[in-house]
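Student: I should like to learn how to read the features of a protein model. May we go through one together?

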Amino acid sequence: MPIDLEIVSPEKLLLSRPVDMVVIPAAEDEMGVLPQRAPMIVLLQEGVIRLYEGARVTESLQVSGGFAEVTPTRVTVLADTATPV
């Protein structure tokens, strides 16, 4: 069962699609998010967001910071900036 991912910058919606897992650069350390994760709000540091389908990274985006809202079915990343790697 995939988790819905949205990555939003101040200007526009950058990405919206289901993924099997997303790894985000949380302020404390990298954090993998799978479906059914407990809800939380996470502060992001500068780093790379990696999108997984199965065990394979399908896309990577460099972010300069922001926040992520995690629910059991969705991850919404509010990034200051996000550019493909």
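Tutor: Let us begin with charged side chains in this predicted model. Side chains of opposite charge can pair when their charged atoms come close. Here the side chains of R17 and E53 meet in a salt bridge, with 2.8 Å from N to O. This pair links distant parts of the chain, since R17 belongs to strand β2 (residues 13-19) and E53 to strand β6 (residues 47-53), 36 residues apart.

Student: How accessible are R17 and E53?

Tutor: A residue counts as partly exposed when its relative accessible area lies between the cut-offs of 20% and 50%. R17 has a relative accessibility of 23% and is therefore partly exposed. E53, at 35%, is likewise partly exposed.

Student: Which residues are linked with R17 and E53 in a network of salt bridges?

Tutor: The network of salt bridges links R17, E53 and E59.

Student: How many salt bridges does the structure hold?

Tutor: The structure holds four salt bridges. One of them joins the side chains of E6 and R74, at 3.5 Å from N to O. This pair, too, links distant parts of the chain: E6 is in strand β1 (residues 3-8) and R74 in strand β9 (residues 74-79), 68 residues apart. E6 is partly exposed, with a relative accessible area of 24%, and R74 is partly exposed at 32%.

Student: With which residue does E30 form a salt bridge?

Tutor: The partner of E30 is R50, and the closest N and O atoms of the pair are 2.9 Å apart. E30 lies in strand β4 (residues 30-33) and R50 in strand β6, 20 residues apart, so that distant parts of the chain are linked. E30 is partly exposed, with a relative accessibility of 43%.

Student: I should now like to turn to the pairing of strands. In which sense do β1 and β2 pair?

Tutor: When reading a pair of strands, one asks about direction, bridges and the connection. Strands β1 and β2 pair in the antiparallel sense over six bridges. Across this pair, L5 stands opposite R17 in β2. A hairpin of four residues joins β1 to β2. The loop between these two strands contains S9.

Student: Is S9 buried or exposed?

Tutor: The cut-off for a buried residue is a relative accessible area under 20%. S9 has a relative accessibility of 9%, so S9 counts as buried. Not counting residues up to four places away in sequence, S9 touches L14 and A79.

Student: What joins β6 to strand β7?

Tutor: Seven bridges join β6 to strand β7 (residues 56-63), and the two strands run antiparallel. V48 stands opposite Q62 in β7. The hairpin of β6 and β7 has two residues between the strands, and G54 in this hairpin takes a positive phi near 65°. Strand β7 also pairs with strand β10 (residues 82-84), in the antiparallel sense over three bridges. The bridge partner of V63 in β10 is A82.

Student: Which residue has a positive phi although it is not a glycine?

Tutor: That residue is Q36, with a positive phi of about 70°. Q36 lies in the loop between β4 and β5.

Student: Let us consider the interior. Which residues have the most contacts inside the largest nonpolar core?

Tutor: The largest nonpolar core has 22 residues, and those with the most contacts inside it are L5, V22, I24 and V77. Two of these repay a separate reading. L5 touches L15, S16, R17, V19, V22, L51, V75 and V77, leaving out residues up to four places away in sequence. V77 lies in strand β9, and V77 counts as buried because its relative accessibility is 0%. Beyond its neighbours within four places in sequence, V77 is in contact with several residues, including I24, L44 and F67. V77 and L15 are 62 residues apart in sequence and 9.7 Å apart in space, from C-alpha to C-alpha.

Student: Which residues make a nonpolar patch on the surface?

Tutor: I41, L43, F67 and L78 make a nonpolar surface patch of about 410 Å². Among them, L43 lies in strand β5 (residues 40-44). L43 is partly exposed, with a relative accessible area of 48%.

Terms used
Residues numbered from 1 in each chain as written. Predicted model: local features only at pLDDT ≥ 70, side-chain atom pairs only at ≥ 80, totals over all residues. Heavy atoms only, no water. Buried < 20%, exposed > 50% of the residue type's maximum accessible area, 1.4 Å probe, protein only. Contact = heavy atoms within 4.5 Å. Patch = residues over 30% accessible without salt bridge, like charges linked within 9 Å, V, L, I, M, F, W, Y side chains within 5 Å. Areas by Shrake-Rupley, 256 points an atom, 1.4 Å probe, with all protein chains shown as cover. Pairing = 2+ DSSP bridges. Core = buried A, V, L, I, M, F, W, Y, C linked by side-chain atoms within 4.5 Å.
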